Amino acid sequence: RMVEEVKGAAAVLQVFDVKAKKNVATIAGCLVSTGSLDMADKVRVTRDGVVVFEGKMASLRRHRLEVKQVGQKTECGVQFEDWADFKQGDLIECITMVAKQAETEKVTGGGLRVL
């Protein structure tokens, strides 16, 4: 069975509006607290314990350079596809799906029950 695994988490420290060509892009300035953020993974934004967004990253930057991954204790800029309502204090989690072997337990009368 497939289960979600949090690969990394980052806190939004500051929100920036950056002019890019003809439009304005909203960027979340973050600090990765655990694991790593990876462009290929799904992301989830939690605010005050409530999930406010799930989707994909549009951009992940480190020192103005586009990168594929950012590690623990590293500052970065993040932009998402179709969502820009960042707030200071939001928690961004990078999520990947992993295959987990089903757990079983013996039941009275013989046999196994899948947990």
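**A tour from arginine 47 to the largest pocket**

Begin by selecting arginine 47 and aspartate 90, whose side chains are joined by a polar contact of 2.8 Å; a polar contact is a pair of N or O atoms within 3.5 Å, where, within protein, one must be able to donate a hydrogen and the other to accept it, and residues adjacent in sequence count only if both atoms are side-chain atoms. This is a predicted model, in which local features need pLDDT of at least 70 and side-chain atom pairs count only at pLDDT 80 or more, while totals for chains, interfaces and linings use all residues. Residues are numbered from 1 along each chain as its sequence is written, and side-chain values use heavy atoms, with hydrogens and water left out.

Arginine 47 lies in strand E4, residues 42-47, strands being DSSP runs of at least two residues, numbered from the N terminus. Leaving aside neighbours within four places in sequence, arginine 47 is in contact (heavy atoms within 4.5 Å) with Val52, Trp83, Asp85, Phe86, Lys87 and Asp90.

Next, select methionine 97 in strand E9, residues 91-99. Is methionine 97 buried, partly exposed or exposed? Methionine 97 counts as partly exposed because its relative accessibility is 44%, and partly exposed lies between buried, under 20% relative accessible area, and exposed, over 50%, with a 1.4 Å probe and protein chains only. Not counting residues up to four places away in sequence, methionine 97 touches Met2, Val3 and Glu4. From methionine 97 to leucine 60 the C-alpha to C-alpha distance is 20 Å, and the two are 37 residues apart in sequence.

How values were computed
Helices (H or I, at least four residues) and strands (E, at least two) are DSSP runs, numbered from the N terminus.
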